[in-house]
Amino acid sequence: VIRCRAAVAWAVGKPLSVEEVEVAPPKAGEVRVKIVATGICHTDEHILEGCFPNVDFPVIPGHEGAGIVESIGEGVTSVKPGDKVIPVSLPRCGECSFCLNPESNYCLKCHFSNSQSLLPDKTSRFTCKGKQIHHFLWVSTFAEYTVIPEFAVAKIDAAAPLDKVCLLGCGFPTGYGAAINTAKVKPGSTCAVFGVGGVGLSVVMGCKAAGASRIIAVDINKDKFAKARQLGATDCISPHDFKKPIQEVLIEMTGHGVDYSFEVIGHADTMTAALASCNMNTGVCVMVGELASGSVISLDPMLLLSGRTWKGTLLGGWKTRDCIPKLVSSYLEKKFNSDVLITHTLPIAKVNEGFELLRAGKSIRSVLLF
């Protein structure tokens, strides 16, 4: 058993508490990882707000981390102690019908079909003050040591700087892949990105990499526009500057609407606005933002009857354990610069400060270091 620090969420709506926790050794098919760095993602904020009814408290959040394998359980073959790894919140068992489908990046072992508040054997490896602490998405990267199923760990290049590539565990590949893999943005096309936080800016980078000729960033926080332009946005607009619905503004700007739109906020009204802003026949709208569990969107069916495509994306469509190591290699080859998304680096003791920066719209990505 290892004793270490972890940021524990004891209850909905309460600040995280940095505690000493006990982390049990890995069982068969499991890996214990020393987390070096972890990003604060908006999904972690959703946990604290209680948006996910299948997350059990107390829990150690965090799912955008990078670390080093400390020990392995019986039967583990893909990693060994000392390997650098990125835990993946979308596992890949490699055996189910989804994993075997070349067009799918889903896995039947993932959290949509099973709660991931406990490890697959329905037990926890975390205790604190004599109480069982729950896992989050099987990764819980807000702990200095965490135990993860082997099929939720991706081995990466030993040269990778863990305090930078931790973003490749969630935020960057989600946005970048939404453009490249899910929408399949074509050269010369026009795109609109609703919400330019860390994931939205990654969408902008993906649209630019795919050769889009016009990328329109939409956000009510104009402080984010400079970075959006730096990363490839050609236009930046705030809905607060117009008296008409933003979809009408985008249609006027582009003639018939954009070719591709991306909703990266997670609000029902911006979901429908993003759909309506892409052209009525061949437009593609991708839902990237997460709505609170139980949310309902009311929709004029004519928006789809005319031919638009509306689709979602899970971690940018990447087959995680295969593709994230390749993304790390591309990062090392300087094919993209995800470092620009990191605005703050904080010690784990200042985890709540990182969340305050997120809520105030003052950070793109804060990285916590152990």
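What percentage of the 370 residues of the protein count as buried? In this predicted model, the share that counts as buried comes to 57%. The protein is built from 11 helices and 17 strands, and its chain is divided into two parts, domain 1 and domain 2.

**Overall dimensions**
- The radius of gyration of the protein is 20 Å, which agrees with the value near 21 Å that a compact globule with 370 residues would have.
- Measured out along the principal axes, the span of the C-alpha trace is about 65 × 40 × 40 Å.

**Domains**
- Domain 1 is made up of two stretches of the chain, 2-171 and 317-369, while domain 2 covers 183-312.
- Between the C-alpha centres of domain 1 and domain 2 there is a distance of 28 Å, and the two domains also touch, with 14 residues of domain 1 in contact with 15 residues of domain 2.

**Contacts along the chain**
- Among the contacts in the protein with a separation of 6 or more, 69% are accounted for by residues that stand 24 or more positions apart.

**Surface and charge**
- About 14,900 Å² of the protein is exposed, and 54% of this area is supplied by carbon and sulfur atoms.
- The side chains of the protein include 37 that are positive and 35 that are negative, and a distance of 3 Å separates the centres of these two sets.

Methods:
Residues are numbered from 1 along each chain as its sequence is written. This is a predicted model: local features need pLDDT of at least 70, side-chain atom pairs count only at pLDDT 80 or more; totals for chains, interfaces and linings use all residues. Side-chain values use heavy atoms; hydrogens and water are left out. Helices (H or I, at least four residues) and strands (E, at least two) are DSSP runs, numbered from the N terminus. The radius of gyration is taken over C-alpha atoms; the globule rule is 2.2 Å times the number of residues to the power 0.38. Buried means under 20% relative accessible area, exposed over 50%, partly exposed in between (1.4 Å probe, protein chains only). Contact means heavy atoms within 4.5 Å. Accessible areas come from the Shrake-Rupley method with a 1.4 Å probe; for residues, only the protein chains shown count as cover. Lys and Arg count as positive and Asp and Glu as negative; His and the chain ends are not counted. The place of a charge is taken as NZ of Lys, CZ of Arg, CG of Asp or CD of Glu. Domain bounds come from an automatic or database domain assignment.
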